[in-house]
Amino acid sequence: MAERSFFEEQGVDLDDVAERLQSEDADARRIAVVELAESGEPAGEALLVAALRDPHSGVRRAAASALEQFDGAAAASALAEALLDEDAEVAAAADASLRQFRAPEAAPPLLSLVGHERADVRAAAWRGLRGLRVAATLVPALRALDDVDAQVRREAIGALAYLKDETTTAALIRAGRDDHLEVRRAALAALAFAPASMILEAILDGLADRHWRVRETAASLAGRAGAAGAEASLIAALADDVWQVALEAARSLGRLRAGGAVVALGALATHPVSNLRKEVAAALGEIRRHEALCHLSLLAEDSDPDVRKIARWSIHLIDSSAR
Amino acid sequence: MSFAENPSEFPVTVDPEKCIADKGCTICVDVCPLDVLRIHPETGKAHMKYDECWYCLPCELDCPTQAIAVSIPYLLR
Amino acid sequence: MSQNLDTDSVFDADVLVIGGGTAGPLAAYKAKAANPALRVVLLEKANVKRSGAIAIGMDGLNNAVVPGFATPEQYVREITIANDGIVYQKALLAYAERSFDMIRELDQWGVKFLKDENGDFDVKKVHHLGTYVLPMPEGGSVKKILYRQLRKAQVLISNRFMATRLLTAKDGRIAGAIAVNSRSAELLVIRAKAVILAAGAAGRLGLPASGYLWGTYENPANSGDGYALAFHAGAELTNLECFQINPLIKDYNGPACAYVGGPFGAYTANSRGERFIECDYWSGQMMLEFYRELQSGRGPVFLKFDHLAPETIAEVEGILHKVERPSRGQFHAGRGTDYRRDMVEMHISEIGFCSGHSASGVWVDEFACTTVAGLYAAGDMASVPHNYMLGAFVNGAIAGEHAAEFSRDSDLAELDPGQIEAERQRTRAPLRNATGLPANQVEYKIRRFVNDYLQPPKSPRKYEIAQKRFAEIRDDLKRLVARDAHELMRALEVHSILDCAEMAAAASLYRKESRWGLYHHRLDYPERDDDEWFCHVQLYKDASGAIACRKRAVDPYIIPVETAERDAYDRLRILARN
């Protein structure tokens with residue numbers, strides 16, 4: 001019986017697509033590219049690579065998007081070249097596709113672009129390299145931390161962070177003092193993999209940063225890394241002008257079970273922002289100190305039900321740990 | 001008084017200049033979860049045939065030539 | 001239309017999957033992966049590329065059980081408590097144990113989950129006791145990725161076919177299904193050794209407050225066909241009185257995404273800008289609190305962002321306006337709403353069936369088996385509670401693997417020509433009517449009655465009136481008229497919608513207590529009654545073809561829920577002050 005009428009066609013007729021890709025009409029070529037992309041046909045890769053050189057930017061863009069499914073050396077080479085396309089949308093599509101890649105074989109063509117004269121190309125190359133997690137990126141990425149362009153430095157941190165290599169710690173700490181806000185934030189976030197003892201200084205610097213988003217990131221890092229040495233600075237951060245920083249500090253003090261923070265946390269029990277009071281209630285529970293109960297009983301009568309819930313739960317935690 | 005056929009503002013509009021359905025593209029028709037789009041037999045261009053739009057946007061987002069605009073149905077606007 | 005309208009095409013498959021949205025693709029993929037020699041057919045009413053609840057993507061996992069953040073046992077306990085104890089724990093555990101492997105598999109396929117700077121999953125804490133939320137800020141391409149996997153696995157994809165009835169053998173086991181093409185009205189008979197139902201929620205049960213038929217919370221293609229298919233094939237459905245009702249953005253009727261905004265500090269507030277929800281978990285209890293606030297002098301309810309930093313709001317907008325329901329930004333712009341300045345008005349959704357957020361559905365065990373031999377169910381229409389997207393993937397996978405195994409040991413069942421003829425008559429009728437009732441009017445009327453009479457809080461007298469109205473409308477179904485195949489699909493959907501409405505009414509009347517907060521809040525039995533009703537309510541088709549209900553005891557827990565633990569949890573959600 002005629003199965004064809006019921007089911008989508010399996011695969012795709014490559015000869016037919018190849019012929020249509022030679023059409024005079026750019027729209028016909030574009031439609032052929034889309035069909036090829038959807039077929040998932042592995043043998044279609046070469047045709048899509050060729051379509052990246054199409055005179056019509058719409059066809060090139062469709063081909064660049066379609067190549068995201070061909071994680072490997074050939075597609076990576078072609079897409080790396082497409083990062084230089086004169087049409088910004090084609091380059092953006094190539095950038096997006098490269099970010100899907102995981103195969104280490106995709107690295108060489110991207111590494112060859114990390115020294116490119118255009119900063120946006122260098123940044124895109126680093127974005128593509130991050131997910132590949134290849135050791136060969138380590139040295140050039142460290143070098144890229146001194147790039148003149150902030151976006152490049154930020155993306156290079158991403159590639160380094162995925163490697164989780166302790167030898168990069170010092171360089172990332174240095175990047176934590178970068179002029180650019182987003183670079184400092186990324187560097188601090190990247191350090192979460194390193195042992196607390198190695199990154200304490202960066203955390204303390206970050207907590208003293210001039211921009212609140214960096215202080216917020218540093219406060220969060222302290223808890224994630226288990227940096228007990230940051231306790232005093234975190235307590236100071238509870239008084240930060242920006243409540244978001246105080247909130248992360250409270251969360252980290254809870255994680256660190258910082259017994260010395262109870263009084264300072266308690267002082268925030270009447271803070272106007274309920275998100276912060278909620279975090280304070282949670283932290284006091286995690287610290288599990290009896291002297292927190294007076295603050296928690298106040299928080300258990302808070303006007304905000306989330307704060308009350310957490311406070312009650314924290315009281316329960318303290319009660320049950322005392323038993 | 002209400003006529004049996006009323007004028008209506010349809011949520012999906014297609015720019016016939018940009019639409020390449022006449023050359024074989026059927027993407028918007030394929031991706032509509034409610035199957036409300038068709039290729040017009042006379043113009044060869046895509047159009048909204050059934051007024052049953054969930055304003056979900058795949059037709060607009062997936063169109064290779066950005067020929068489609070979806071507006072939120074008037075009753076919800 | 002072609003002349004073959006009345007001649008059936010018959011196709012034989014090993015495994016037939018009905019529904020190509022979320023659970024269905026995984027079921028088909030895993031059945032094929034388990035045995036590449038199988039003929040696996042995936043039937044989809046729309047097009048698999050963009051269909052079902054995640055047609056446009058999904059902005060996060062709400063129930064990720066990731067080592068280091070939560071354990072399967074902890075998850076099972078919490079879902080047990082959130083569902084007032086009425087759960088089949090083995091199915092919950094089966095999901096929870098495979099949750100993380102599924103996340104990793106999806107990650108390998110290219111589905112993008114939020115990762116921290118070091119590339120590890122960035123799970124967010126939203127609930128108080130466990131940590132289950134894994135955002136997907138770039139989750140717009142999920143369907144594209146699934147589709148590609150299906151093509152690679154050479155699953156036979158059949159788009160634009162709406163399954164209208166399952167076929168059963170003399171001994172009651174599954175024999176296949178009948179489907180109608182929504183473009184040509186062509187009938188397709190598929191014989192299959194195993195059938196997996198993954199047809200999604202019943203999203204067109206209630207009418208949105210806007211009155212717009214297609215302005216539903218769920219993808220409106222999810223018209224509840226799966227529930228009707230299962231019922232007519234003799235499968236049991238469970239806890240249908242536990243409705244789905246969700247908080248959402250008023251009029252737009254899309255999800256408010258508190259799970260997306262929550263980790264950024266946004267929250268649901270009353271008109272004073274204060275939080276009011278006591279309940280910790282997504283549940284009927286939470287919806288009852290929401291409903292009461294809406295009705296109170298402190299209402300209505302809003303989603304509040306305006307206390308957050310502009311940088312944070314920009315980040316949230318980047319997710320909410322791009323993934324899952326991307327027209328949301330356009331909606332807010334049309335009304336001049338800016339998160340930096342304005343709270344966003346919220347409302348509660350129309351009622352529906354959906355295990356994704358509640359606990360109702362076609363009864364399944366830990367292998368996704370229904371009570372009909374060879375018939376499976378997964379996703380929003382199957383009874384595993386709080387499934388969400390990840391549950392649909394995992395339970396779809398479980399169903400696919402089990403069905404592959406089942407089909408190896410069984411033969412195609414003999415078809416019953418009587419069943420096929422009856423279904424031909426039913427599905428042809430709207431095309432034969434030259435005049436009659438348009439589907440949208442009949443649908444509007446059913447759904448308006450659903451709102452008028454079935455929407456909680458539930459009053460028994462109103463329910464009885466609804467049943468009378470529904471019976472009258474059932475008589476009208478034969479007058480439905482369809483001028484083309486598309487209208488035929490809509491007319492047949494009306495049959496499903498009416499079936500679901502009647503099932504919702506029957507199950508709600510049967511359970512004479514209140515449970516699951518707003519979902520089953522009965523005005524005549526306002527209290528929970530564990531002595532009589534700590535059980536599932538099973539709904540099925542009796543010998544006369546009518547809806548019948550019976551109790552099914554809750555199976556002994558495999559993960560015990562300690563009283564102390566339950567009390568601690570209750571302390572979180574019971575009002576400490578008035």
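Student: Let's start with Lys45(C): is this residue buried or exposed?

Tutor: Keep in mind that we're reading a predicted model. To place a residue, look at its relative accessible area; under 20% counts as buried. Lys45(C) has a relative accessible area of 12%, so it is buried.

Student: Where in chain C does Lys45(C) sit?

Tutor: Find the loop that runs between strand 2 (40-43) and strand 3 (60-61) of chain C; Lys45(C) is there.

Student: And which residues is Lys45(C) in contact with, leaving aside its neighbours within four places in sequence?

Tutor: Among them are Arg160(C), Phe161(C), Met162(C) and Ser182(C), and also Met489(C) and Glu493(C). Ser223(C) is in contact with Lys45(C) too, and there the two side chains make a polar contact at 3.0 Å.

Student: Okay, on to the interface. How do I read the contact between chain A and chain C?

Tutor: The size of an interface is often given as the accessible area lost when the parts come together. In this case, chain A and chain C bury about 4500 Å² between them, with 44% of that on carbon and sulfur atoms. Chain A brings 49 residues to the contact and chain C brings 52.

Student: How many salt bridges does the rule find across the interface of chain A and chain C?

Tutor: There are 12 salt bridges across it. One to look up is Asp306(A) with Arg275(C), where the closest N and O atoms are 3.4 Å apart. As for polar contacts, the count between chain A and chain C is 19 residue pairs, both residues being at pLDDT 80 or more.

Student: Which helix of chain A gives the most to the side that touches chain C?

Tutor: That's helix 20, with eight residues. Other helices of chain A supply at least two residues each, including helix 2 (26-39), helix 10 (150-163) and helix 18 (274-287). By type, this side of chain A divides into 16 nonpolar, 13 polar and 20 charged residues.

Student: What about chain B: in what order do its elements run?

Tutor: From the N terminus on, you'll trace β-α-β-β-α-β, which comprises two helices and four strands.

Student: What does the radius of gyration say about chain B?

Tutor: You compare it with what a compact globule would have. For 77 residues that is near 11 Å, and chain B has 13 Å, so the two agree. Its C-alpha atoms fill a box of roughly 45 × 25 × 20 Å along the principal axes, and buried residues make up 52% of the chain.

Conventions:
Residues numbered from 1 in each chain as written. Chains lettered and ligands numbered in written order. Predicted model: local features only at pLDDT ≥ 70, side-chain atom pairs only at ≥ 80, totals over all residues. Heavy atoms only, no water. Contact = heavy atoms within 4.5 Å. Buried area = accessible area lost by both parts, 1.4 Å probe. Salt bridge = Lys/Arg side-chain N within 4 Å of Asp/Glu carboxyl O. Polar contact = N/O pair within 3.5 Å; in protein donor to acceptor, adjacent residues only side chain to side chain. Nonpolar A, V, L, I, M, F, W, Y, C, P; charged D, E, K, R; others polar. Rg over C-alpha atoms; globule rule 2.2 N^0.38 Å. Buried < 20%, exposed > 50% of the residue type's maximum accessible area, 1.4 Å probe, protein only.
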